[in-house]
Amino acid sequence: MANKSGNAYALTILCPILGGAPPDLPTGTGGPTHTTLLRNQLQTLHVNEESPMAKVPNTYLCRFWVLSDVPYQGKPAFLERLKSDYLVFCSNFHGELEPYLEGMWNALQEGILAILGHCVGHETVHDASSFIAYVKKCQVTTTFFFNGSTDEPLAQQLKNLYLKQEFSKFAFENQGKSAGELQEAFREFVQRTQPTNLTGPTWAAGAYHLDRVTARAVSAGVASK
C-alpha cells in the first residue's frame, strides 16, 4: 500500500478552499477572502511542543499550508492551473488512518472546525465519523513514501531520544571514575531516567532542544541535582 511503510502512515489531503469572502462580510468591500483568512489563521498556530498537533497521539511530523498554484518547470512539462486554492495537510504517523483521525478529532475538535470552516463541504463535519469521511474524500495517494523513523510508536521514540541524550551526558560526566563509583552512578542514572517508563521522564512531543526537555523534567521534579 503506497500510503504505508512498515507501521508508519503518510497522509496527504487537499481540501478545496471556498472562493471569495465569508458571507458575513459586505459584498464588494474588498474584504479578506477565505484563503487570506485561512492563511492568517495557520500562521498564528504555535509550533514545536506548543503546537496543537503535539496533542495528537503518534504524530511523527505534520504540516498545514495553503496551495494556490502549481509550479511550471518549462518544457517538456505543460502549464497547469488549479480550479481553486487548497488547504494541504500532510502527516506522518504511527498506526492506521481511522484511529489516528479519531484521536486528532478528540484532541482538536474546535481547531479542526475553525480551519475547515474555510473549506468546501465543511458543513458535513460535526463528529469524529464525519471528520474521517471528509478526510478520506480529500485524501490523495502518497507515493515513494520513506519512513525515516524507527517504526515504533511515538511514546517509545520519544523515550529513546530522551535516554540517548541523557546517556551521552552520563558518559561525559563519569569519565575516569572507578568501577565502584561508575556502578553507583549508573544505578542513580537508571533510577532517575526510568528506562521502562514511557510516560516520563521523557522527551516532550514537539520539543526541539534538550534544554526544553530539561525544563520539563525540572517542573516535574525528576531532574538530577
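In which loop does Q194 lie? Select Q194 in this predicted model, and you will find it in the loop between α5 and α6, where its phi is near 50 degrees, a positive value in a residue other than glycine. With a relative accessibility of 31%, Q194 counts as partly exposed. While the view is on this loop, move on to P201, which is also found between α5 and α6 (210-219), and look at the bond that precedes it: the peptide bond from G200 to P201 is cis, with omega near 0 degrees.

**The whole chain**

Now zoom out and colour by secondary structure. The protein chain has six helices and five strands, and, followed from the N terminus, its elements run β-β-α-β-β-α-α-β-α-α-α. If you colour by accessibility instead, buried residues make up 33% of the 225 residues. Among contacts with a separation of 6 or more, those between residues 24 or more positions apart account for 69%.

**Helices α4 and α5**

Select residues 154-173, which form α4, together with residues 179-193, which form α5; the two helices pack at an angle of about 155 degrees, and their axes are 12 Å apart. Because of that angle, α4 is roughly antiparallel to α5, and the crossing of the two is right-handed. To see the contact itself, show side chains for K159, Y162, L163, E166, F167 and F170 on the α4 side, and for L182, A185, F186, F189, R192 and T193 on the α5 side. Sorted by class, this contact of α4 with α5 holds eight nonpolar residues, one polar residue and three charged residues. The spacing of such positions can be read against the general geometry of the helix: an α-helix has 3.6 residues a turn, so residues three or four places apart point the same way.

**Helices α2 and α3**

Next, turn to α2 and α3, whose axes are 9 Å apart and which pack at an angle of about 95 degrees. That angle is why α2 is described as roughly perpendicular to α3. From α2, the residues to select are L97, E98, L101, E102, M104, W105, I112 and L116, and from α3 they are A128, F131, I132, Y134, V135 and K136. By class, the contact of α2 with α3 has eleven nonpolar and three charged residues, with no polar ones.

Stay with α3 and display its buried residues, which are A128, S130, F131, I132, Y134, V135 and C138. What covers them includes strand β2 (8-16), helix α2 and strand β5 (139-140). At the start of α3, select D127 as well, where a side-chain oxygen reaches to within 3.3 Å of the backbone nitrogen of S129.

**The loop between α2 and α3**

Between α2 (97-116) and α3 (128-138), the loop holds H118. Is H118 buried or exposed? Its relative accessible area is 12%, so H118 counts as buried. To show its surroundings, select I17, L18, H34, L37, L38 and Q41, which are in contact with H118 once its neighbours within four places in sequence are left aside.

**A8 and the loop after β5**

For the last stop, centre the view on A8 in strand β2, a residue that counts as buried with a relative accessibility of 0%. A distance label from A8 to F93 should read 5.6 Å, C-alpha to C-alpha, although the two are 85 residues apart in sequence. Apart from neighbours within four places in sequence, A8 is in contact with N3, Y60, F93, F145, N147 and D151.

Two of these partners deserve a selection of their own. N147 is placed in the loop between β5 and α4, and with a relative accessible area of 13% it is buried. Not counting residues up to four places away in sequence, N147 touches S5, A8 and Y60. D151 is likewise found in the loop between β5 and α4, and D151 has a positive phi of about 70 degrees although it is not a glycine. Show the side chains of N147 and D151 together to end the tour, since a polar contact of 3.1 Å joins them.

How values were computed
Residues are numbered from 1 along each chain as its sequence is written. This is a predicted model: local features need pLDDT of at least 70, side-chain atom pairs count only at pLDDT 80 or more; totals for chains, interfaces and linings use all residues. Side-chain values use heavy atoms; hydrogens and water are left out. Axes are lines fitted to C-alpha atoms, for helices over the stretch in contact, and angles run from 0 to 180 degrees between N-to-C directions. Helices (H or I, at least four residues) and strands (E, at least two) are DSSP runs, numbered from the N terminus. Angles under 35 degrees count as roughly parallel, over 145 as roughly antiparallel, 65 to 115 as roughly perpendicular and the rest as oblique. A crossing is left-handed if the near helix is turned anticlockwise from the far one by less than a right angle, and right-handed if clockwise. Contact means heavy atoms within 4.5 Å. Ala, Val, Leu, Ile, Met, Phe, Trp, Tyr, Cys and Pro count as nonpolar, Asp, Glu, Lys and Arg as charged, and the others, Gly among them, as polar. Buried means under 20% relative accessible area, exposed over 50%, partly exposed in between (1.4 Å probe, protein chains only). A polar contact is a pair of N or O atoms within 3.5 Å; within protein, one must be able to donate a hydrogen and the other to accept it, and residues adjacent in sequence count only if both atoms are side-chain atoms.
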